Amino acid sequence: MSGNAGSTALTAHILQWILPPASPAFEPIQFLFRKTAHVFAYGLLGALDFRAVRGTRCGWRLAWSVAAVALATLIATLDEWHQTMVPLRTGTPLDVVIDCAGAALAQLALRSWVIGRGSRGP
């Protein structure tokens, strides 16, 4: 969602159904909403990257997990770079860090799940 469709204006429009824009809590909640969306989106991407790197093999390996986070971080970096060229958008290193954290959290969840299920994996 690196185009104008994923802009702050869109999240403000959605959030105003729940909270009046004049509320002092509006901007902090909007910021938290947008950053949480980054964590979830890149967590999902990190999980899918893990599945792609692992292929038909079973289990969990650190190398697969590191590759998945690296792929998600590369995509986050390219997305933020792209946003610097889109009117009304900004690309920030902080968003790359948040995206990388989302991908890494997904790897921790996957590792816990795979270990809990034995070596069969997701």
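This passage describes the confidence, the helix contacts, the nonpolar core and selected surface features of a predicted model.

The protein chain has an average pLDDT of 87, and 91% of its residues score at least 70. Confidence varies among the elements of the chain, with the lowest mean pLDDT, 74, found for helix H1 (residues 8-15) and the highest, 97, for helix H3 (residues 62-83). Where pLDDT is low, the predicted coordinates should not be read in detail.

A search of the whole structure returns 1 salt bridge. In the salt bridge between Lys35 and Asp95, the side chains meet with an N to O distance of 2.5 Å. This pair joins distant parts of the chain, since Lys35 belongs to helix H2 (residues 26-54) and Asp95 to helix H4, with their positions 60 residues apart in the numbering. Lys35 is classed as buried because its relative accessible area of 11% falls under the 20% limit. Asp95, with a relative accessible area of 6%, is likewise buried, so that the assignment follows from the cut-off of under 20%.

The largest nonpolar core comprises 6 residues, namely Tyr42, Val69, Ala72, Ala76, Val96 and Ala103. Helices H3 and H4 each contribute at least two residues to this core, and the greatest contribution, 3 residues, comes from H3. For Ala103, a member of this core, the contacts were computed without counting residues up to four places away in sequence, and they comprise Tyr42, Gly43, Gly46, Val69 and Ala72. Of these partners of Ala103, Tyr42, Val69 and Ala72 are also listed among the core residues.

On the surface, Leu74, Leu78, Trp81 and Met85 form a nonpolar patch of about 460 Å². Leu74, one of the residues of this patch, is located in helix H3, the element with the highest mean pLDDT. The relative accessibility of Leu74 is 48%, and this residue therefore counts as partly exposed, because the value lies between the limits of 20% for buried and 50% for exposed residues.

A further position of interest is Gly118, which lies in the segment that follows helix H4 (93-116). Gly118 has a relative accessibility of 38% and is accordingly counted as partly exposed. Between the C-alpha atoms of Gly118 and Pro93, two residues that are 25 positions apart along the chain, the separation in the model is 37 Å.

How values were computed:
Residues are numbered from 1 along each chain as its sequence is written. This is a predicted model: local features need pLDDT of at least 70, side-chain atom pairs count only at pLDDT 80 or more; totals for chains, interfaces and linings use all residues. Side-chain values use heavy atoms; hydrogens and water are left out. pLDDT is the predictor's confidence in each residue, from 0 to 100. Helices (H or I, at least four residues) and strands (E, at least two) are DSSP runs, numbered from the N terminus. Buried means under 20% relative accessible area, exposed over 50%, partly exposed in between (1.4 Å probe, protein chains only). A salt bridge is a side-chain nitrogen of Lys or Arg within 4 Å of a carboxyl oxygen of Asp or Glu. A nonpolar core is a set of buried Ala, Val, Leu, Ile, Met, Phe, Trp, Tyr and Cys residues joined through side-chain atoms within 4.5 Å. Contact means heavy atoms within 4.5 Å. Patches are made of residues with over 30% relative accessible area and no salt bridge: like charges are joined within 9 Å, nonpolar side chains (Val, Leu, Ile, Met, Phe, Trp, Tyr) within 5 Å. Accessible areas come from the Shrake-Rupley method with a 1.4 Å probe; for residues, only the protein chains shown count as cover.
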